[in-house]
Every structure is written in C-alpha cells, then in structure tokens.
Amino acid sequence: MSTVKIAFLGCGGYMRNHALRIQEIDNAQLVALCDVTIEQVNKFIDTNLKDVAEKPAVFTDAATMYAQAKPDAVFIATPHTLHFEHACQALEAGCHVYLEKPMVTNLDQAYALDEKVKASGKILVVGYNSPCSPEFAFLKSVIASGVLGKLEMVNGHITQNWRELTIGLWRQVPELAGGGMAYDSGAHLLNSLCWSVESDVDTVFAMVDNHDTPVDINSVFVIKFVNGVMASIAVNGNSHSHAGPLTFMFERGRIDIDGWAGTWLKMFKDGKEIKYPPITDDMGHLTPTHNFIDTIQGKTQPRTSPRNGIIQSQLMDAIYESARTGQPAKVPIQANM
C-alpha cells in the first residue's frame, strides 16, 4: 500500500494530537505544514516533531504547499469562517480533507461544499470526536434497532470557562469565529446530538448572552427535528467546570452518555439499569485521525461526512436567527436533501 502524504493547514495546539497519531499509523507521513508565519510552523515542529527524522516542509501559503509538496490529504484547523475557502482550495488541489469542526459557518456554504465534494470524488470528514467512540456507535444502533422504542427527546448541557480561556484570541472575533462558545467548545455536544439524531432540523428557539464580549458565551435553545425528535440544550461558557452530558429519552427507557467525547454510557430499560450494555471496542474507531486515514486507504468507511456539516449548519443558522429576532426560526431545507 502506498504511503498517504499528509499536510497540515493550521498549526495550532490541537493539531499536536493529529501529528502524534500520524506517527503511529503505517503508510502515513506528514510531509508539509502551513501557517501564517514560519515561526509558528517551526515552533510546532520543535514541540511536536523533534524526534521525527524526516521533518515536513514548511510553508506560509497553502497554494504553494499544495503545488510543491503534492499531499494526498490535508488536515485543516484554521479560524472557522475560513473553512469553506480552505476546504474548496484543498479539494481543487486534489486532496482528501479532514476539516475541524464546524465544517463551515453558514448553510449556503454547507450545501455548496457538499456539491464540491461530490464532484471531486474525494473524501471530506468533519472533526467530530464522539462518532469514533464505541459508546456513540452503540447509541446509534439502539436508535436504529428500536430496542428501547422510538427516540422522543434529548436533553443536555455543556460547561467550560470558555470566556476566560479565549480572551484575546480569534475565537472571540466574530469575523473569524462565526460565533462564540456554541460554535466552538459547545459544538462538541451539538455535533454529538446532530450525528445521533441524524435528521434535518425543523425549528429552533434560542436565547443567548454574550457576557460583554463580541460573541455568545451562554445560550439555551429548544430544537425540533424533522423526524419529530425534540431537544433542549444549555451551553455555558462562563463556568469553571468541564462537563457535557446528554440524555436520550426513548419510549421504553433512556441512555445517558458523555456528549463531549463518548467516554461513558448508562442505559435504562423498562425502569431498570442495564448493568453491562453490550458495547465492544470494535464498534468504534480508534480516533478520528485513524478513521480518516483508514478511509483513504480503503480499510473502512468515514464516520462523518458533509451531511453532518449540513445538519450542524442548519442548527447554528437557526440558533443565531432566533436569538436575533426573539422568535422561533424555521429552517429552509434544500429540496434535493
């Protein structure tokens, strides 16, 4: 099997995880890194790749990187509002794309990117953590099988001292971030919700509090999906705690799960806890990094797709529209979806 040549566009802190994982994967090599300054890229190499014999090439221009390094795939972790442009550029350069969440920052871009991916014949995955966990794979199998009856409602919250952690960063600049806590750390919970329910969004009613910043810090919203499932979610970015539980309520029971990353799950049926739900490691995939590269190599199927990004964009557009107007926001669904 030929080696998958990989590039990074954006060399921020989280990319360290991808870099370390790539070093563990057979027939995968990090060949190029790109960020706005050479200093930022070299710092990333010194911190995360000091023991790698063949260092990746350094670039500050993505087009030059694609032309010279000729990667097969690219991991993109740039400010949110740049994702659409950067993903399109990578697809045009012939790359498979791993796009950190959110996929894009408006619904029109989500539909357009989906069409571009289909036309390219390339793989595009969105960087959700929970779909690779055995726990979320099990949850989805329960929803599909009907063993607990029909899924009716979901409730959850996510908390983090996000306001404090992001002071002075691009994440609090609307023109770059697209939104605040709900678009950033809050997206972990919302990704898990949308991926599991797997339905277009119908209507959203939302309220937000910016806490004297340019972006949303706290928010609360009620969601109705097209398939009839309803959800209520609270996102708190001004709390010195770190939690993200979700409860999925069925006709005959419920599942409580770690909505942030799927690290734990509790299952209840007919009023009793199922002490050992039949969850096995092979239901999941080691990490999103591994899933992306294994998909390129033809070993498996992607756990996420542009479809997930479309549903996420439906939700986020509706949240901010409802918060702006003070009224429920109805989602326009594209006819061919």
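This passage walks through the main sheet, one of its strands, a helix outside that sheet and the salt bridges of a predicted model.

The sheet comes first. Nine strands make up an open sheet with mixed pairing, and they run in the order β14-β13-β12-β11-β7-β10-β9-β8-β15. The two ends of that list are β14 (272–274) and β15 (329–330), edge strands with a single partner each, so one side of each has no neighbour in the sheet. Further in, β8 (residues 201–209) and β9 (residues 218–225) run antiparallel and are joined by eight bridges. One pairing to look at here is Met207, whose bridge partner in β9 is Val220. Two helices pack on this sheet. Helix α6 (residues 134–145) touches β7 (151–159), β11 (245–250), β12 (253–258) and β13 (265–269), and its direction makes about 160° with that of β12. Helix α11 (residues 306–325), for its part, touches β8, β9 and β15, with an angle of about 50° between its direction and that of β8.

Strand β10 (residues 230–236) sits between β7 and β9 in the strand order. With β7 the pairing is parallel and spans seven bridges; here His157 stands opposite Ala234 of β10. With β9 the pairing is antiparallel, again over seven bridges, and Phe221 is found opposite Ile233 of β10. β9 and β10 form a hairpin with four residues between them, and Gly228 in the turn takes a positive phi of about 100°. The side chains of β10 alternate along the strand: Ala231, Ile233 and Val235 point to one face and are buried, whereas Met230, Ser232, Ala234 and Asn236 point to the other and are not.

Ser232 also leads to Asn155, a residue of strand β7. The side chains of Asn155 and Ser232 are joined by a polar contact of 2.8 Å. Setting aside neighbours within four places in sequence, Asn155 is in contact with Ser232 and Ile233, and also with Pro245, Leu246, Thr247 and Met249. Even with these contacts, Asn155 is partly exposed, at a relative accessible area of 36%. Ile143 lies twelve residues from Asn155 along the chain, and their C-alpha atoms are separated by 16 Å.

Next comes helix α4 (residues 83–92), whose buried residues are His83, His86, Ala87, Cys88, Ala90 and Leu91. These buried residues pack against a mix of strands and helices: the strands are β1 (4–9), β4 (73–76), β5 (96–100) and β6 (124–127), and the helices are α3 (62–69) and α5 (107–120). Just past the end of α4, Gly94 has a positive phi of about 85°.

Now for the charged pairs. Side chains of opposite charge can pair when their charged atoms come close. The model has eleven salt bridges in total. One of them stays within a single helix: Lys118 and Glu115 are both in α5, three residues apart, or about one turn of the helix. An α-helix has 3.6 residues a turn, so residues three or four places apart point the same way. In this pair the closest N and O atoms are 3.9 Å apart. Lys118 is exposed, with a relative accessible area of 55%, while Glu115 is partly exposed at 39%.

Other salt bridges reach across the chain. Glu198 pairs with Lys140, their closest N and O atoms lying 3.7 Å apart. Glu198 is in the loop between α9 (186–197) and β8 and Lys140 is in helix α6, so this pair ties together parts that are 58 residues apart in sequence. The two ends contrast in burial: Glu198 counts as exposed at 54% relative accessibility, but Lys140 is buried at 18%. The α9–β8 loop also supplies Asp200, which forms a salt bridge with Arg307 of helix α11, so parts 107 residues apart in sequence are tied together. The closest N and O atoms of Asp200 and Arg307 are 2.9 Å apart. Asp200 counts as buried at 11% relative accessibility, and Arg307 as partly exposed at 27%. Finally, Lys101, Arg171 and Asp184 are joined into one network by salt bridges that share partners.

Note on methods
Residues numbered from 1 in each chain as written. Predicted model: local features only at pLDDT ≥ 70, side-chain atom pairs only at ≥ 80, totals over all residues. Heavy atoms only, no water. Buried < 20%, exposed > 50% of the residue type's maximum accessible area, 1.4 Å probe, protein only. Contact = heavy atoms within 4.5 Å. Pairing = 2+ DSSP bridges. Axes fitted to C-alpha atoms, helices over the stretch in contact; angles between N-to-C directions. Salt bridge = Lys/Arg side-chain N within 4 Å of Asp/Glu carboxyl O. Polar contact = N/O pair within 3.5 Å; in protein donor to acceptor, adjacent residues only side chain to side chain.
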